[in-house]
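Work through the exercises below with the model open. Try each task before reading its solution.

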Amino acid sequence: MKQTFKIYALIIGLMIFNQGCVKDLDTSPLDNDLVTSGNVYENEDTYKQVLAKLYAGLAVSGQEGPAGNSDIGGIDEGFGQYLRGLWYHAELPTDEAVIGWNDQTIADFHDLDWTESDSFIAAFYSRIFYQISLCNEFIRQTEPDVLDEREVSQATRDEIVDFRAEARFLRALSYWHALDHFRNVPFVTELDAVGATLPMQTNAQDLFNYIEAELLAIESEIKDARSNEYGRADKGAVWMLLAKLYLNAEVYVSSPRYGDCLTYCEKLIGAGYSLEAEYPHLFLADNHNSNEIIFPVTFDGINTRTWGGMTFIIRAGIGGGIDPAESGVVSGWGGTRITKQVVDNFGDIGGVLVEYQPKSNLPQVYLGGDFQGNTIDTDWAVNSINSDKIYEGFQYFEAGNSFVIAPNPTLSFVYGDNGADGSLEIAGDPIIVNEEGLYYIKIDMNTPNRSVELIKVDLVASGSAVGSDVPMTWDPATRIASAPMTLSAGDLSFKAVGSDLVLGDSDGDGYLTFAENPINIDYSEPVEIFLNISKQAFTYQIASTSFDRRGIFNSDGQNLDIDNISEFNEGYAVTKFKNIASDGTPGSDTDFPDTDFPMFRLADAYLMGAEAILRSGGDLGTATDYVNALRERAYKGSGGNISTSDLDLNFIIEERARELYWECHRRTDLVRFNLLTTSDYLWDWKGGIQEGKAVEDFRNVFPIPASDINANPNLTQNTGY
């Protein structure tokens with residue numbers, strides 16, 4: 001179990017939210033078991049436990065995990081969890097996600113045609129303000145005069161200084177989510193009496209000013225960057241939220257603040273955080289060990305259970321033929337995928353330039369013997385490429401192995417070689433291999449002179465595309481020959497040294513045959529080549545070693561194009577997040593992940609800094625260095641590096657998708673680039689049609705839920721709704 005800040009004080013948290021409606025807080029309860037602010041804080045340890053509830057508000061959905069006694073009503077508890085609601089609003093309206101379910105109005109998100117009566121919007125809105133209310137109440141209960149009345153010790157008061165700063169950060173975070181998604185919202189702080197009056201509505205400018213002022217005020221009070229317990233906010237989290245506020249200031253309040261954004265990005269870059277060496281490790285069950293994550297929403301499969309959060313993000317993305325165990329969970333929910341427009345941003349997924357071709361139904365004979373337990377493994381076969389009863393192939397043997405030849409996958413009728421002279425006889429002696437190595441095997445089953453020929457060979461890649469011959473290494477476990485090499489434009493073939501055999505593929509169909517013309521290579525790139533020549537048909541794969549490794553998708557059994565959103569196999573699946581540790585160990589529970597959600601991480605600071613430089617006319621060399629720091633990790637070297645002439649805003653918005661997809665940034669980014677609603681960028685099913693279409697600009701902001709408008713005459717609906 002990971003050692004981190006524990007978020008389990010749930011019943012206490014609900015109490016502090018509800019007790020604010022009691023008019024006389026000094027009244028002692030008649031029931032000695034009733035929990036109120038009058039007795040809950042008798043134990044000074046409770047202050048930290050109630051702080052834990054504030055953090056838990058981002059991760060869990062109620063007072064019992066994974067469900068039971070929900071914090072908010074009116075919707076399924078899993079749907080109403082904070083992170084799940086944030087993910088719906090940040091990802092589903094964009095090119096990064098579609099969902100195949102038909103739950104209530106969920107399809108309206110990707111169609112961008114939601115209404116003010118949408119229950120999912122109401123749930124997220126309610127969750128934001130529930131969280132704000134919890135933070136307000138905790139701040140009220142830790143005011144100096146309240147602590148004086150309780151005679152709180154100085155040691156606890158010193159801790160409470162930190163606790164209050166963190167609570168104010170969490171409140172600012174939720175108010176930022178309110179500003180970003182809803183703009184003009186009801187506004188309450190700890191200074192407002194609970195339940196005395198209906199909240200008044202603020203506007204984007206005033207709310208922006210408030211969030212900024214709060215973050216600047218606590219910057220000097222909260223713990224230094226990287227010095228707090230994992231899972232708790234510190235200066236790094238404050239700087240990140242300020243940077244995000246300033247990056248989007250032109251959208252929120254029509255006043256650019258890119259210079260301020262860059263200032264705080266530079267603070268983060270210099271604060272001692274570092275990029276995780278392996279990109280996939282950021283999204284695994286032990287990502288709490290990463291020095292890149294600035295502020296996470298923490299989860300634990302035993303202690304922090306929810307049907308939202310990471311449970312939803314991981315399991316909703318698994319369906320079809322995907323094995324859930326490969327992501328460390330017991331089952332998938334068959335819902336979410338990604339559009340081809342984002343996938344295409346990555347170029348060749350997995351770096352594959354030439355893909356293995358499927359098995360072909362060639363006539364074949366089988367090899368059986370002691371090396372496979374005196375049975376027949378149907379993969380140990382040689383094929384008749386021309387269907388002429390001449391079978392050719394490659395197999396690797398250890399010294400002393402022996403085999404017989406079976407026309408069918410059974411040892412009941414076999415051929416052997418009685419005199420070791422190359423001629424075959426029914427029920428003849430096993431053929432003995434004296435020297436370990438890879439062998440070319442040729443079996444002629446034409447009567448009357450059936451024969452077998454074995455030639456020990458070494459495979460090399462050859463031709464003008466490689467220059468000098470490159471030896472291929474045989475892997476006995478996978479029974480595949482491979483080698484890294486650098487290709488350039490020219491011819492490529494594979495020689496079986498020790499014979500006059502040459503394999504080529506002049507027609508480019510992905511199948512290798514003997515005496516065929518070489519493969520034509522028309523690019524220059526470092527690659528690894530794999531030859532699968534010991535099974536049915538000879539196929540090969542050419543994979544670039546300089547490719548973007550951030551595209552973590554499942555394409556097996558999936559169509560890239562989405563003709564029908566409700567079909568899970570249409571659209572690639574995203575397998576970026578997993579409930580498996582970096583050493584392959586599964587999480588503590590297969591229903592509920594241990595994987596934390598990286599709400600803020602250093603890579604985003606690099607990209608925000610680069611964008612701020614571009615938008616403010618700063619040093620392009622620095623901006624390019626920021627971007628290349630991420631691309632060198634993605635490409636495992638400088639193969640993906642860009643120059644200053646490559647860097648523009650279009651590159652930034654595409655790079656943000658490549659680096660940050662499914663991390664709840666995309667809608668905000670597309671709004672900032674004026675791409676969410678316009679025809680300047682279309683993706684599958686944007687606006688509810690397959691080819692995509694523009695929608696009304698007012699959908700850059702979500703509506704205030706109709707239920708709140710109807711209940712509070714102080715509120716005015718956002719334009720367009």
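**Exercise 1. Aromatic pairs**
How many aromatic pairs does this predicted model hold? Classify the pair Phe-577 and Phe-597, and say what the pair ties together.

*Solution.* The count comes to 46 aromatic pairs. Take Phe-577 and Phe-597: their ring centres are 6.2 Å apart, and their planes meet at 25°. Centres within 6.5 Å make a pair, and planes under 30 degrees apart count as stacked. The pair is therefore stacked. Now place the residues. Phe-577 lies in the loop between strand E26 (573-574) and strand E27 (597-601), and Phe-597 lies in E27, so the pair ties together parts that are 20 residues apart in sequence. Both Phe-577 and Phe-597 are buried.

**Exercise 2. Charges over rings**
Which rings have Arg-549 and Arg-699 over them?

*Solution.* Start with Arg-549. Its charged end sits over the ring of Phe-547, 4.2 Å from the centre. Next, Arg-699 lies over the face of Trp-114, at 5.7 Å from the ring centre.

**Exercise 3. Helix H6**
Check the span of H6, then its cover and its N-terminal cap.

*Solution.* H6 covers residues 119-140, which is 22 residues. At 1.5 Å a residue they should span 32 Å; the end C-alpha atoms are 31 Å apart, which agrees. Of these residues, 20 of the 22 are buried, so H6 is largely enclosed by the rest of the structure. Asp-118 caps the N-terminal end, with a side-chain oxygen 2.8 Å from the backbone nitrogen of Phe-120.

**Exercise 4. Helix H10**
Repeat the check for H10.

*Solution.* H10 has 13 residues, 235-247, with an expected span of 18 Å. Its end C-alpha atoms are 18 Å apart, which agrees. For cover, 13 of its 13 residues are buried. At its start, a side-chain oxygen of Asp-234 reaches to within 2.9 Å of the backbone nitrogen of Gly-236.

Methods:
Residues are numbered from 1 along each chain as its sequence is written. This is a predicted model: local features need pLDDT of at least 70, side-chain atom pairs count only at pLDDT 80 or more; totals for chains, interfaces and linings use all residues. Side-chain values use heavy atoms; hydrogens and water are left out. Rings of Phe, Tyr and Trp (its six-membered ring) pair if their centres lie within 6.5 Å; planes under 30 degrees apart count as stacked, over 60 as edge-to-face and the rest as tilted. Helices (H or I, at least four residues) and strands (E, at least two) are DSSP runs, numbered from the N terminus. Buried means under 20% relative accessible area, exposed over 50%, partly exposed in between (1.4 Å probe, protein chains only). A charge sits over a ring if NZ of Lys or CZ of Arg is within 6 Å of the ring centre and within 35 degrees of the ring normal. The expected span of a helix is 1.5 Å times one less than its number of residues. A polar contact is a pair of N or O atoms within 3.5 Å; within protein, one must be able to donate a hydrogen and the other to accept it, and residues adjacent in sequence count only if both atoms are side-chain atoms.
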